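Take a look at the model below. We will go through its pockets and then its metal site.

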Amino acid sequence: MKTIQAYRYALDLTPGQERAVLAHAGAARVAYNWGLARVKAVLDQRAAERTYGIGDDQLTPTMSWTLPALRRTWNATKADVAPWWRECSKEAFNTGLDALARALKNWSDSRSGKRAGRPVGFPRFKSRRRSTPSVRFTTGAIRVEPDRKHVTLPRLGRLKLHESARKLARRLDNGTARIMSATVRRDGGRWHVAFCVEVERAERTPARPSSVIGVDVGIKHLAVLSTGELVDNTRHLAGTQTRMRALGRALSRKIGPDRRTGRRASNRWQRAAHRLGRAHARVSNLRCDGLHKLATRLAREHGTIVVEDLNVAGMLANRRLAKHIADAGFAQIRRQLAYKTGWNGGRLIVADRWYPSSKTCSGCGAVKTKLALSEREYTCTTCGLVLDRDLNAARNLAALAAQFDTAGSGPVAGRGAIRKTQLAGREAVKRQPGTATAGQTGTVPPQGGTTDRVLTKVH
Ligand SMILES: [Zn+2]
């Protein structure tokens, strides 16, 4: 099974190397801003000409914003725009132009309705202070050194890794991996290199292929499983929050930048901001670690995992819940489970967003019309079942898998297939097995929804 995956390592850069990387990231930004200014100028010119009543054939010709076209124009003009261009790898400029080409494509696709999701705005200029310095290399000498503690990148040379790259090196040695690109980037006040790698993964099966598990991603706990297991949040998360508050207070006491008066931030402010940034990064790392460990464990063990499709963007608008939900990383775990079940030969079923997993009784199937978020215990008025709210939801989710199998195509579909069904059960009848593409997740229609029609058809 061929997959594209990333291997990311922290770097220990010398001050000289850091300057070189920053220069490359700056070059990427220059190319990006240059291209954006050109495209904008042409667009504005055409708009102005139209207001004068100039015919469409008389307008300033459009400018192609595909990557090859941008690169051609850049190469023709770089001597004027950036006389220092020889000091940086051409990959640096390519990074910026590629980002611009994508940004413009996303914007135009979004405008013409070709792109789903939220509307994408017109790209904005990148600022030195606010953008994340990053540069990507796609060609040239990219390799992991035999000592597995260093990597070599074009122009930047040999960079020391903070940790051993043995997992990637092993794959490279036995020929099951091919590096496609390497990105050096600063996040959380630390430099990282991320290799985009095409990996030939061995086919695997979960330890218990017939096992079904429902996962209810919670607020109090990281997750509640239908087996009754409560997965806790990472231990140090609460401790780091205290520290973050203290650092935030310390920052607010120092003299920060002021856009109106043009005041520059003091050195002390910058150091405090850096410390706060590192604390944020630590929280994010801790959370990420917890989610990865949970997702890996579940995907290795169980054949079928059922989760809920939560409207995270909608929930984040709820201010009181926002922090907790963002913390739990709902969307993250969904995404991780999707690809990890694929790697391990299991499957992920995503319950429809409107499926009342919390309001349904896992014992008798009765559905409550109302259930306040404060009610942590589920009490069924029909059969008298009393159960933890999240556990009840997890059990309902697990029960969905059986329904999915009868309603759908009978036996379990091909390994690694995440079944793509039509949106929200509206066209559940048309569902075909094996039409899944990796990275997409299916949805299961709610109980008592359109599935009934399929069920009557089967029997
Ligand atoms: Zn009941």
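How many nonpolar, polar and charged residues does the lining of the largest pocket have, by class? The lining has eleven nonpolar, 15 polar and 18 charged residues. Keep in mind that this is a predicted model.

Start with that largest pocket. Its volume is about 2,000 Å³. In total, 44 residues line the pocket. Nearest its centre lie Ala6, Tyr7, Arg8, Cys288 and His292. Several elements build the wall. At least two lining residues come from each of β1 (2–12), α4 (166–173), β7 (190–200), α6 (267–301) and α9 (330–344). Of the contributors, α6 gives the most, with 14 residues.

Now move to the second largest pocket. About 1,700 Å³ of space lies in it. Its lining counts 42 residues. Closest to the centre of this pocket are Arg128, Arg129, Arg130, Ser131 and Arg186. Two or more lining residues come from each of α1 (15–51), α3 (90–112), β2 (134–137), β6 (177–187) and α6. Here α1 gives the most, with seven residues. Helix α6 is thus a name to note twice: it supplies at least two residues to the lining of the largest pocket, and two or more to that of the second largest. By class, the second lining divides into twelve nonpolar, 13 polar and 17 charged residues.

Next, the metal. Which residues coordinate the zinc ion? Cys361, Cys364, Cys380 and Cys383 do, each through its SG atom, at 2.2 to 2.3 Å. The angles among the four donor atoms run from 107 to 112 degrees, and the site is tetrahedral. Along the sequence, the donor residues follow the spacing C-x2-C-x15-C-x2-C.

Consider one pair of these donors, Cys364 and Cys383. The two are 19 residues apart, and the pair links distant parts of the chain. Cys364 sits in the loop between β12 (347–351) and β13 (377–379). Cys383 sits in the loop between β13 and β14 (386–388).

Are these two cysteines buried or exposed? Neither label fits. Cys364 has a relative accessible area of 39%, so it counts as partly exposed. Cys383 is also partly exposed, because its relative accessibility is 42%. The reasoning rests on the cut-offs: buried means under 20% relative accessible area, and exposed means over 50%.

How values were computed
Residues numbered from 1 in each chain as written. Predicted model: local features only at pLDDT ≥ 70, side-chain atom pairs only at ≥ 80, totals over all residues. Heavy atoms only, no water. 1 Å grid on protein atoms, 1.4 Å probe; cavity = no way out; pocket = protein on both sides within 12 Å on 5 of 7 lines; lining within 4 Å. Points joined across faces, edges and corners; volume = space filled by probe spheres on them. Helix = DSSP H or I, 4+ residues; strand = E, 2+ residues; numbered from the N terminus. Nonpolar A, V, L, I, M, F, W, Y, C, P; charged D, E, K, R; others polar. Donors = N, O, S within 2.8 Å, 3.2 Å for Na, K, Ca; no water. Tetrahedral: all angles 85-135°; square planar, octahedral: opposite > 155°, others 65-115°. Buried < 20%, exposed > 50% of the residue type's maximum accessible area, 1.4 Å probe, protein only.
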